[in-house]
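Q: I should be grateful for a close look at one part of this structure, explained step by step.

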Amino acid sequence: MQFRVVSDHAAPWVSIRVVLPEGSLADPPGREGQAVLTSDALQLGAGDRRREEWKEALDHLGADVDVHVARDVTIVGAEVLSRNAEELFGLLGDLIHRPRVEAEEVARLKRQSVADLEQMSDDDEGLVAAVHSQVLWGTHPYARPGRGWMDTIRSLEITDLREFHASRVSDGPLLVAVAGDVRESDVKEWSRGAFLEKSGTIPEPRTLPAPRATPGRRATWLEKAGRTQTQLVLGCPTVGLGNEDLYALQIANSVLGGLYTGRLMQELRERRGWTYGVQSQLGVDHRGGAFSVSMGLDAEQGAAGIACCWGLIEDWISEGITPEELEFAQSHLLNSFAFAQETASQRLGNALEIALHHRPADWLETWCGRIRQVTVEDVQRSLQTHLNPANMTLTLVASPSAELEDFLKGWAREGSLRIHPAAEEFRPLAQSA
Amino acid sequence: MNEETIRAQRLVEERSLRPKGAGGTVERHRWDNGLTLLIHRDPRAPIVAYHTWLGVGSSRDPRGSTGMAHFFEHLMFRESERLSEGEYDRVMEKLGAQVNAATWLDWTCFHAKAPRAHLSEIIDIEAERLAHVVVGSTQLDGERKVVLNERQMRVDDDPDGQMDEILWGTIFGREHPYGWPTLGWKEDIENFGLEACRAFHQEWYAPSNTTLVVVGDVDPEAVCRDVDAHYGSMSGRPVQHPSFEAAPSGGDVVELVLDISSERVSMAFPAPRLGALELAGWEVLNEILLGAESARLERSLVEESEAALDVSGTVEPLRHAGIFQIDLTMSPGVSAEQGRDAVFSELQRIAELGVDACEIARASVLLEASGVQQILTAGGVAWMLGHHECTTGDFRDFFRHLEAVNSVTTLHVQQAARACVAHGGATVLARVRGEA
């Protein structure tokens with residue numbers, strides 16, 4: 001068991017992150033949602049406490065506990081008043097090693113999980129993001145949703161959850177990370193009292209092919225009647241952590257849509273007034289990442305707005321950025337670096353980022369220097385190497401519109417536009433096949 | 001400069017909520033022109049939070065111009081006499097600052113977080129736009145489209161937004177200053193006129209209606225000098241805050257049909273204003289009913305009967321009144337009425353029988369934890385100080401409220417529940433389109 005402790009006694013508060021091996025990528029095909037459902041089940045009673053007693057015990061401490069299933073690890077997160085931290089470690093030990101996982105509770109969890117997926121359709125922004133993630137990654141394992149599909153959730157049995165817990169969780173944590181009003185010696189003592197010792201270091205993540213962009217432009221349109229806005233996400237896979245070009249891409253992203261003064265916001269909101277918000281981002285891990293632009297667009301400007309946005313993206317990839325834009329983005333990023341270390345919890349987050357993503361130990365110390373070294377030429381080369389306008393995926397929720405349909409047929413070209421009418425049951429969330 | 005420094009009030013109470021190395025005091029300074037400045041030195045990180053709180057929110061929107069306070073929040077980012085169109089954002093982002101703003105019923109808050117080294121530049125630019133914002137037809141027409149888009153996103157295409165708008169209009173009445181939406185009605189936004197906007201600025205954007213809050217690794221004396229240099233010469237003028245009665249009637253029920261997967265319920269009950277000590281009893285009631293993991297309605301509706309997928313509650317205290325809001329998302333096939341009836345049954349039970357001491361103890365520690373969480377960052381401290389100073393006139397009400405939570409008894413909780421039952425609340429029932 002490894003430890004990361006950031007002591008900061010400024011406030012009577014402790015943040016805890018207990019890292020367990022394996023995450024949603026461990027779900028076997030056809031059993032998507034297994035890790036998430038197991039993590040939910042862990043929070044429904046443990047040790048001698050049934051669900052009601054378990055929740056009362058957490059409330060009694062003023063604790064907030066959440067289990068987050070990432071792709072490669074599961075993280076039990078907890079926040080608590082420091083005077084109650086020791087007691088909370090005991091509860092977390094029960095959660096990890098002695099969960100009750102009872103049949104009645106699991107059946108209820110499954111019903112709730114399916115209903116939650118149905119509710120997702122009510123929120124256009126959340127819906128478009130979830131579907132885009134599936135469409136974007138195509139046949140890559142990243143396309144399999146961690147929360148599962150409705151049919152895979154229904155098919156999971158209590159034995160699947162118990163098996164997942166026994167084989168992936170019950171061995172104990174790989175890493176215990178704690179920040180706040182606490183001493184390292186206390187963290188180690190409490191951890192050894194609560195958790196089974198697991199030896200070894202954080203393993204390299206399971207080997208998967210690097211995610212790649214599917215050739216061609218594809219558009220997936222989820223039709224909903226009566227929308228006043230068109231919600232969309234547009235993007236493609238790109239490089240992951242460890243690639244030196246990421247620094248240049250980060251600056252490029254700031255110029256396009258990572259900042260309020262970026263090109264997208266200035267053109268689509270400030271000059272045209274077609275949107276309240278548009279932003280671009282790079283979401284990356286050690287295998288690869290995704291570049292994406294997301295926007296809620298006045299429905300009356302659907303086709304024109306997407307065309308305008310697309311034009312800005314094409315120009316950005318082909319022309320790169322100006323020296324003035326480079327200097328501006330560098331200034332912003334370097335000045336705002338101070339915020340990354342404001343609180344003990346943020347400093348702990350940085351340490352976890354290094355540990356879990358196998359970043360170099362001096363990643364933070366060298367970050368500013370690497371940002372400073374980026375040139376206009378680096379940005380242009382990186383954009384043209386890692387982003388290809390010919391291979392892009394667009395997902396949108398919008399009302400029926402002949403103008404929008406004509407535009408998308410031209411943009412995506414023959415056969416690459418899929419329209420899901422509102423009346424049709426929405427399969428991407430319902431069914432894995 | 002008239003200086004009134006409150007050194008006795010510490011950010012720390014015996015539960016030690018304060019940053020230990022920070023000196024622990026909040027200084028309050030007032031200028032002849034009415035400007036208020038709060039400073040709290042916190043050396044934990046080389047950053048500073050700089051908040052500008054205006055004591056005007058949507059409850060001061062002129063009749064027929066609902067949404068004006070929010071619209072003006074947007075205009076403040078566009079242009080001033082010295083800063084060209086968009087220059088404010090360019091300057092701030094280049095400094096690495098994170099800026100945003102928010103408008104609510106009683107206030108408008110412009111908040112920035114920046115590296116401490118740039119504090120002087122931030123004071124300069126914030127004073128400039130406060131005093132010299134440009135309000136012309138170019139700015140109005142450009143921002144009007146953006147705000148209409150915001151309304152589409154937050155209300156027209158959002159079931160929760162639609163329900164909130166109707167709920168507040170029902171509990172207060174659409175003509176009450178708390179009853180119309182902060183974003184404004186669409187037709188009012190479309191018709192904002194230049195003169196009305198300028199008059200709004202003239203009436204409310206005055207130093208005497210402004211509280212600045214500076215929290216971070218700063219030298220308080222230097223901050224005072226900088227603020228004096230940039231704000232001290234602004235002309236003072238009195239701002240009148242007429243009071244209004246919040247006397248909503250109860251028992252109203254509104255039904256609507258939405259694009260949703262299952263029925264929903266939103267309910268609102270009158271609650272105490274911000275700064276009222278009895279507010280603590282309502283917050284404990286909320287924790288016992290809805291907020292805690294072990295809350296009664298979470299257990300009965302979500303876990304045991306599975307009648308609901310989600311339940312939540314909020315106590316929203318305002319300057320003149322407050323609201324206790326309850327939101328339920330029912331399970332597919334379960335009627336909204338079933339959720340509403342369950343809420344009333346539980347309120348009735350508490351009104352008659354009270355609650356257990358252990359429930360109060362759990363609620364108190366959860367509220368204490370929430371209070372600590374709110375002041376973990378410089379921005380969080382600035383928010384709590386500014387919100388209370390701007391709304392009640394005294395930032396110390398934040399600490400008084402935390403103390404009051406510790407003194408809540410079952411009688412206080414019963415009184416809150418009885419008030420809800422006696423009033424009857426306002427209820428919005430949302431049906432599923434196609435099934436209604």
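Q: Is the crossing of helix 12 of chain B and helix 14 of chain B left-handed or right-handed?

A: This is a predicted model, in which local features need pLDDT of at least 70 and side-chain atom pairs count only at pLDDT 80 or more, while totals for chains, interfaces and linings use all residues. Residues are numbered from 1 along each chain as its sequence is written, and chains are lettered from A and ligands numbered from 1 in the order in which they are written.

The crossing of helix 12 of chain B and helix 14 of chain B is left-handed; that is, the near helix is turned anticlockwise from the far one by less than a right angle, whereas a clockwise turn would be right-handed. Helices here are DSSP runs of H or I with at least four residues, strands are runs of E with at least two, and both are numbered from the N terminus.

Helix 12 of chain B covers residues 357–373 and helix 14 of chain B covers residues 397–406. The two pack at an angle of about 160°, and their axes are 9 Å apart. Such axes are lines fitted to C-alpha atoms, for helices over the stretch in contact, and angles run from 0 to 180 degrees between N-to-C directions. The angle makes helix 12 of chain B roughly antiparallel to helix 14 of chain B, a term for angles over 145 degrees; under 35 is roughly parallel, 65 to 115 roughly perpendicular, and the rest oblique.

The residues that meet can also be named. Helix 12 of chain B contributes B:Ser364, B:Leu367, B:Glu368 and B:Gly371, and helix 14 of chain B contributes B:Leu402, B:Val405 and B:Asn406. Two residues are in contact if their C-beta atoms, placed from the backbone, lie within 7 Å. By class, this contact has three nonpolar, three polar and one charged residues. Ala, Val, Leu, Ile, Met, Phe, Trp, Tyr, Cys and Pro count as nonpolar, Asp, Glu, Lys and Arg as charged, and the others, Gly among them, as polar.

Helix 12 of chain B also has a place in the contact between the chains. In total, 49 residues of chain B are in contact with 48 residues of chain A. Helix 12 is one of the elements of chain B that each supply at least two residues of the side touching chain A. The largest share of that side, eight residues, comes from helix 4 of chain B. The side of chain B that touches chain A divides into 18 nonpolar, 13 polar and 18 charged residues. The partner, chain A, has 17 helices and 11 strands.
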